[in-house]
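This briefing introduces selected features of one structure to a reader who has not met it before. Please keep the sequence and the model in view while reading the points that follow.

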Amino acid sequence: MDEFDFLVIGSGSGLDVANVAANRGQSVAVVEKGPLGGTCLNRGCIPSKLLLYHADVLETVERAGDFHVDARVDDVDFTGIVREVNEEVRADAESIRRGLRSSSQHSLFEGEGRFVDDHTVDVVGGEDDGARLRAETILIAAGSRPAIPAIDGIDDVDYLTSTEALQLETPPDHLVIVGGGYIAAELGHFFGTFGSEVTIIGRRPNLLPDADDEVAAAFTERYADRFTVHTGHTATAVSANGGTVSVEARPYEYGDDGGVVDGDAAVTVTGDELLIAAGRVPNADTLNLDATAVETDPDGFVDTDEYLRTAADGVWALGDIVGEYLLKHTANHEARAVARNAFGSELEAVDYSAMPFAVFASPEVAGVGATEGDLRSEGRDYATSTYRYEETARGDAMKAEGFVKVLVDLDGEILGCHIVGPDASTLVQEVVVAMTAGSGTVQDIRESVHVHPALPEVVQRAFSGQFTRGGHDH
């Protein structure tokens, strides 16, 4: 048995904590079953955003006529785009692997980690199969994987998850997507821009159901103009015949209690590729946590306290596997918290109060803080203000569509901000900074000088306009 001071299962954001341990002179073990770098680098945000930028460039050229510019695209090397991106990702993963293998401060064990007890882990499969490791401190950062819903016939057809879709070297003629979240939105944009006919089947009334309702509705309307969108439907059966896959979906109505009532009508959609983008599930079930005191919630995510400690002494967890927000920047934020708490003198709770998200589709969507639906369900009083892109000089020049929506309490404290439109992922950052480093009130943005006529003026004007009071229905 090899003994270490610190052990991390997973090589994504958990590596940040491992590096802190190593810099403090601790012996460190890293257990990883897949390519180094975790989901973000290999199967998530890095390859997807590299690919999506190519789609954004093509979309820009195709819109040139709107600006009286005669431009055309003579050829697209789709295969070359995908191969270049995936080669870059593989090179980055291999660079991390070489770095860990050559490090005098880290020991890399390639294989799947499975607990024997609270502080002992076996490595199963991979290059280091059979190794048994023991550590005083263990960090569980094993991530998540695509969820596969219980659809009749799903085991009998070939389908893509986001992992395979990011490596597809030929765009499908007709891509059918089951799921209405950010993965469906981003990959629909990517393949649709490169010529695929796209059909999206989403269970909720709007795509991007975690976004503010008004933003989600606007996004869904824009996507319905681009693609075939069946919202309020759930896939019930799939089948394949030669090179064609068929999906049967039934409409659902959401009851007052949040439950669903099965409708009568059904729709059948056919295509040549099926993408399952129905969310993600934690990898906690692969770790043999029953051998430990670590607990999981009903959805299988690892339970932690506000400091990211599990129920097992000396065992911490972060990232997708704890399920707070399945976002890379959340995992990085949690890694900093674990490093402080595991190696510092005082515990400090993780602050999720201004955790932004962004969807790199077309249009972009971003948000931070509470949605209007959240505030209504909590029975809170609030005020809201909205400002449209096209009402600013830069937005008008861009022929941009979209808006910024601000939610504040009656004293002017920022409760949330939600954006749909160009560069939403960039524009929201000003609000995040105001909520975390400023006073957290509308004055932070109203009173800051904004470059004229730059796009951030749309944010400033949303915070400076007339607010409409909202609140609970009681």
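The buried residues of helix H8 (328–343) pack against four elements: strand E1 (2–9), helix H1 (14–23), strand E6 (132–140) and strand E17 (315–317). The model is predicted. The points below begin with H8 and then turn to helix H6 and its packing partners, a parallel sheet, a hairpin and the surroundings of one serine.

**Helix H8**

- The residues of H8 that are buried are Thr330, Ala331, Glu334, Ala335, Ala337, Val338, Ala339, Asn341 and Phe343.
- H8 comprises 16 residues, which at 1.5 Å a residue should span 22 Å, and the 22 Å between its end C-alpha atoms agrees with that expectation.

**Helix H6 and its burial**

- Helix H6 runs over residues 182–193, twelve residues in total, and its first and last C-alpha atoms lie 16 Å apart, close to the 16 Å expected at 1.5 Å a residue.
- Because eleven of the twelve residues of H6 are buried, this helix is largely enclosed by the rest of the structure.
- The buried residues of H6 include Ile183, Leu187, Phe190 and Phe191, and among them are also Glu186 and His189.
- Glycine 195, just after H6, adopts a positive phi of about 105°.

**Packing of H6 against H7**

- Helix H7 (residues 213–226) packs with H6 at an angle of about 25°, and the two axes are 12 Å apart.
- H6 is therefore roughly parallel to H7, an angle under 35 degrees being counted in that class.
- The crossing of these two helices, H6 and H7, is left-handed.
- On the H6 side, Ala185, His189 and Thr193 take part in the contact, meeting Phe219, Tyr223 and Arg226 of H7.

**Packing of H6 against H3**

- Helix H3 (residues 45–62) and H6 pack at an angle of about 50°, their axes being 9 Å apart.
- This angle makes H3 oblique to H6.
- The H3–H6 crossing is left-handed.
- From H6, the residues Glu186, His189, Phe190 and Thr193 meet a set of H3 residues that includes Ser48, Leu51, Leu52, Ala55, Leu58 and Glu62.
- His189 and Thr193 of H6 thus appear in the contact with H7 and also in the contact with H3.

**A four-stranded parallel sheet**

- An open sheet is formed by four strands in the order E10-E9-E8-E15, with parallel pairing.
- Strand E10 (228–231) and strand E15 (273–276) are the edge strands, each pairing on one side only.
- From one strand to the next, the twist averages 15°.
- Strand E9 (residues 197–202) pairs with E10 in the parallel sense over four bridges.
- Within this pairing, isoleucine 200 has valine 229 in E10 as its bridge partner.

**A hairpin**

- Strand E4 (residues 112–117) pairs with strand E5 (residues 120–124) in the antiparallel sense over five bridges.
- Two residues link E4 to E5 in a hairpin.
- Arginine 114 has aspartate 122, in E5, as its bridge partner.

**Serine 162**

- Serine 162 lies in helix H5 (residues 162–165).
- Serine 162 counts as buried because its relative accessibility is 8%, where the limit for a buried residue is under 20%.
- Leaving aside residues up to four places away in sequence, serine 162 touches Arg43, Pro146, Ile183, Leu187, Leu275, Ile276 and Arg280.
- Two of these contacts, Ile183 and Leu187, are buried residues of H6.

Definitions and conventions:
Residues are numbered from 1 along each chain as its sequence is written. This is a predicted model: local features need pLDDT of at least 70, side-chain atom pairs count only at pLDDT 80 or more; totals for chains, interfaces and linings use all residues. Side-chain values use heavy atoms; hydrogens and water are left out. Buried means under 20% relative accessible area, exposed over 50%, partly exposed in between (1.4 Å probe, protein chains only). Contact means heavy atoms within 4.5 Å. Two strands pair if DSSP finds at least two bridges between them. Axes are lines fitted to C-alpha atoms, for helices over the stretch in contact, and angles run from 0 to 180 degrees between N-to-C directions. The expected span of a helix is 1.5 Å times one less than its number of residues. Angles under 35 degrees count as roughly parallel, over 145 as roughly antiparallel, 65 to 115 as roughly perpendicular and the rest as oblique. A crossing is left-handed if the near helix is turned anticlockwise from the far one by less than a right angle, and right-handed if clockwise.
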